[in-house]
Amino acid sequence: MNQKNVLIKESIQTKKSFTDNKEATVAAGNILFENGYVEQEYINSMLEKLETQSFATYIGNGVAIPHGMAEGSKYVKNTGISIIQVPDGVEWNEEKAYIVVGIAANSDVPVPLHLLSDSGGSSHRRVSITIRRRARLRSSPALVTSIVRRQCPPRAAPAVPLASMGTEHRTDH
């Protein structure tokens, strides 16, 4: 089976604004749907997660990670993420999220999570735990602010397979 790339440039949107975290969650889900990662029903699973376990959808430092319930993985076609920049922020658990990372992880596909997680559980849980850990290790309020304030979209980069997330690449040898 040919795996789809986890992140493609069409899954990244900049300079967006939302009235609340529900609207932002739907937008993150729609990006995943429009790019073929999930079926439309997955967005309802994302909203259920937001309504019942909102604490699991915000990781601090201005970063939110809306994702579906474990049972929602049946609506995931391919593991993927969407990224939305929200310069003015959107209220999320009494804080502001400036970066919204929508997550869809298919628990039936053995994605290369050995680089991402040392815990069991669903793929959604492992991917969200990994993003939380990496955000805490690598991001700071200053970094989030610098990303949010960019006046133009980030330079287009080739699609990144999940296995290479978090590896450092230098081009100035």
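This section describes the fold, the sheet and selected residue environments of a predicted protein model.

The protein chain has 173 residues, of which 45% count as buried. Its secondary structure amounts to four helices and five strands. Along the sequence these elements follow the pattern β-α-α-β-β-β-β-α-α. Of the contacts between residues at least 6 apart in sequence, 69% join residues at least 24 apart. The surface exposed by the protein chain comes to about 9,500 Å², and 51% of this area is supplied by carbon and sulfur atoms.

The five strands are arranged in an open sheet with mixed pairing, in the order S1-S4-S5-S3-S2. At the edges are strand S1 (12-13) and strand S2 (58-60), each of which pairs on one side only. The partner of S1 is strand S4 (residues 80-92); the two run in the parallel sense and are paired over two bridges. Within this pairing, isoleucine 12 has isoleucine 83 of S4 as its bridge partner, and glutamine 13 is matched with isoleucine 84 of S4.

On its other pairing, S4 is joined to S5 by nine bridges, and these two strands run antiparallel. One of the bridge pairs links glutamate 91 to lysine 96 of S5. The hairpin formed by S4 and S5 has two residues between the strands, and asparagine 93 takes a positive phi near 50° there. Helix H1 (residues 21-34) lies across S1, S4 and strand S5 (95-104), and its direction is at about 160° to that of S4.

Serine 11 belongs to the segment before S1. Does this residue count as buried or exposed? Serine 11 is buried, because its relative accessible area is 0%, and the cut-off for the buried class is under 20%. Leaving aside residues up to four places away in sequence, serine 11 touches Ile31, Asn35, Tyr37, Ile81, Ser82 and Ile83. Among these contacts, Ile31 falls within the range of helix H1 (residues 21-34), while Ile81, Ser82 and Ile83 fall within that of strand S4 (residues 80-92).

Tyrosine 37, one of the residues touched by serine 11, also takes part in an interaction with a charged side chain. The charged end of lysine 4 sits over the ring of tyrosine 37, at 4.7 Å from the ring centre. Aromatic pairs number zero in the structure.

Glutamate 48 is placed in helix H2 (residues 41-52). This residue is classed as partly exposed because its relative accessible area is 38%, a value that lies between the limits of 20% and 50% for that class. With residues up to four places away in sequence not counted, the contacts of glutamate 48 are Gln53 and Met69. The C-alpha atom of glutamate 48 is separated by 7.3 Å from that of glycine 68, although the two residues are 20 residues apart along the chain.

Key. Residues are numbered from 1 along each chain as its sequence is written. This is a predicted model: local features need pLDDT of at least 70, side-chain atom pairs count only at pLDDT 80 or more; totals for chains, interfaces and linings use all residues. Side-chain values use heavy atoms; hydrogens and water are left out. Buried means under 20% relative accessible area, exposed over 50%, partly exposed in between (1.4 Å probe, protein chains only). Contact means heavy atoms within 4.5 Å. Accessible areas come from the Shrake-Rupley method with a 1.4 Å probe; for residues, only the protein chains shown count as cover. Two strands pair if DSSP finds at least two bridges between them. Axes are lines fitted to C-alpha atoms, for helices over the stretch in contact, and angles run from 0 to 180 degrees between N-to-C directions. Rings of Phe, Tyr and Trp (its six-membered ring) pair if their centres lie within 6.5 Å; planes under 30 degrees apart count as stacked, over 60 as edge-to-face and the rest as tilted. A charge sits over a ring if NZ of Lys or CZ of Arg is within 6 Å of the ring centre and within 35 degrees of the ring normal.
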